[in-house]
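Hi,

Here is the structure I said I would pass on. Have a look at it first, and then read my notes underneath.

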Amino acid sequence: MDEKFVDDRAPGALQDYSLWEYALAVYSQPAIQAQCLVLQDRYDLDVNLLLAAGYWACAERCWSAAQVELLVTMSAELRVDYVLPLRELRRKAEDPKRQGLYQALKTAELAAERLQIEAIAQQLSLFAGNAKPKSQNRYLANLTVYARANKSDEPTKLAACLGELAASLAAAG
């Protein structure tokens, strides 16, 4: 998800963006990118779902466990069949001698991530969402309900990582 985000609109609330635009905007921030990658690589959490959790919170909504289960299930096929294999191939091609291949795989991975995000966005449009007061807690609530679906051997460290990401997303939103 390294596509550059260019927004020629006047500065405004991120909740006015599509999920894809939101994801590009917040992921372009180095702290958010680093936090998402730690959660992906260490805890096997899906960056697209982490960003969707932030997007939903930015829209002042909280996910239920049933909604997260549905999102995980419906986006799993794209993630497992396309995003993860392309990511693995891209990482293998990081050798400078394979720069052309690396770029092609990066482009393909980004296209697969976009398809997954569009599927998530379509599902989100069907959710009523549970409104919560404006606060960082909304971000943490969504991230936590998603992370609970994945069992972690380091729940305290995972909670700290989620808290850092929630704070960064709240500051961005």
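Below is what I found, going from the whole chain down to single residues.

Before anything else, please keep in mind that this is a predicted model.

**The chain as a whole**

You are looking at seven helices and two strands. Starting at the N terminus, the order of elements is α-α-α-β-α-α-β-α-α. The chain has 173 residues, and 41% of them count as buried. Its accessible surface is about 9,200 Å², with 54% of that belonging to carbon and sulfur atoms. If you take the contacts with a separation of 6 or more, 73% of them are between residues 24 or more positions apart.

**The cores**

As a bit of background, nonpolar side chains in soluble globular proteins tend to be buried together. In this model the largest nonpolar core holds 43 residues, and the members that touch the most others are L39, L45, W63 and L124. At least two residues of this core come from each of α1 (19–27), α2 (30–43), α3 (47–58), α4, α5, α6 (136–147) and α7 (155–172). The largest share is that of α3, with ten residues.

L45 is a good place to start clicking around. Not counting residues up to four places away in sequence, L45 touches L39, Q40, L50, R79, Y146, A147, N150, L158 and L162. There is also a second core, separate from the big one, with six residues, among them V83, L86, A93 and L105.

W63 is another of the core members that touch the most others. You will find W63 in the loop between β1 (61–62) and α4. Its relative accessibility is 6%, so W63 counts as buried, the cut-off being under 20%. W63 also shows how the chain folds back on itself in space: L143 is 80 residues away in sequence, yet the two C-alpha atoms are 9.0 Å apart.

**How the helices pack**

Two packed helices are described by the angle between their axes and the distance between the axes. I looked at two pairs, both involving α5.

The first pair is α4 (residues 65–92) with α5 (residues 99–124): their axes come within 8 Å and cross at roughly 175°. That angle is over 145 degrees, so α4 is roughly antiparallel to α5. The residues of this contact split into 16 nonpolar, three polar and six charged.

The second pair is α1 with α5, where the axes are 9 Å apart and the angle is about 125°. The two helices are therefore oblique to each other. On the α1 side the contact is made by L19, W20 and A23, and on the α5 side by L110, E113, R114, I117, I120, A121 and L124. By class, that gives eight nonpolar residues, no polar ones and two charged ones.

**Two residues of α5 to look at**

What does E109 touch, once its neighbours within four places in sequence are left aside? The partners are V83, L86, R87 and R90. E109 lies in α5, and with a relative accessible area of 3% this glutamate is buried. Two of those partners, V83 and L86, are also among the members of the second core.

Q123 lies in α5 as well. Q123 has 15% relative accessibility and so counts as buried. Leaving aside the neighbours within four places, Q123 is in contact with L70, L71 and M74. From Q123 to S75 the C-alpha distance is 9.5 Å, with their positions 48 residues apart in sequence.

**Two backbone oddities**

Finally, which residues other than glycine have a positive phi? D44 is one of them, with phi near 60°. D44 is in the loop between α2 and α3, and its relative accessibility of 48% makes D44 partly exposed.

E60 is another, with a positive phi of about 65°. E60 sits in the loop between α3 and β1 and is partly exposed as well, at 28% relative accessible area.

Have a click through and tell me what you make of it.

Cheers

Methods:
Residues are numbered from 1 along each chain as its sequence is written. This is a predicted model: local features need pLDDT of at least 70, side-chain atom pairs count only at pLDDT 80 or more; totals for chains, interfaces and linings use all residues. Side-chain values use heavy atoms; hydrogens and water are left out. Axes are lines fitted to C-alpha atoms, for helices over the stretch in contact, and angles run from 0 to 180 degrees between N-to-C directions. Helices (H or I, at least four residues) and strands (E, at least two) are DSSP runs, numbered from the N terminus. Angles under 35 degrees count as roughly parallel, over 145 as roughly antiparallel, 65 to 115 as roughly perpendicular and the rest as oblique. Ala, Val, Leu, Ile, Met, Phe, Trp, Tyr, Cys and Pro count as nonpolar, Asp, Glu, Lys and Arg as charged, and the others, Gly among them, as polar. Buried means under 20% relative accessible area, exposed over 50%, partly exposed in between (1.4 Å probe, protein chains only). Contact means heavy atoms within 4.5 Å. Accessible areas come from the Shrake-Rupley method with a 1.4 Å probe; for residues, only the protein chains shown count as cover. A nonpolar core is a set of buried Ala, Val, Leu, Ile, Met, Phe, Trp, Tyr and Cys residues joined through side-chain atoms within 4.5 Å.
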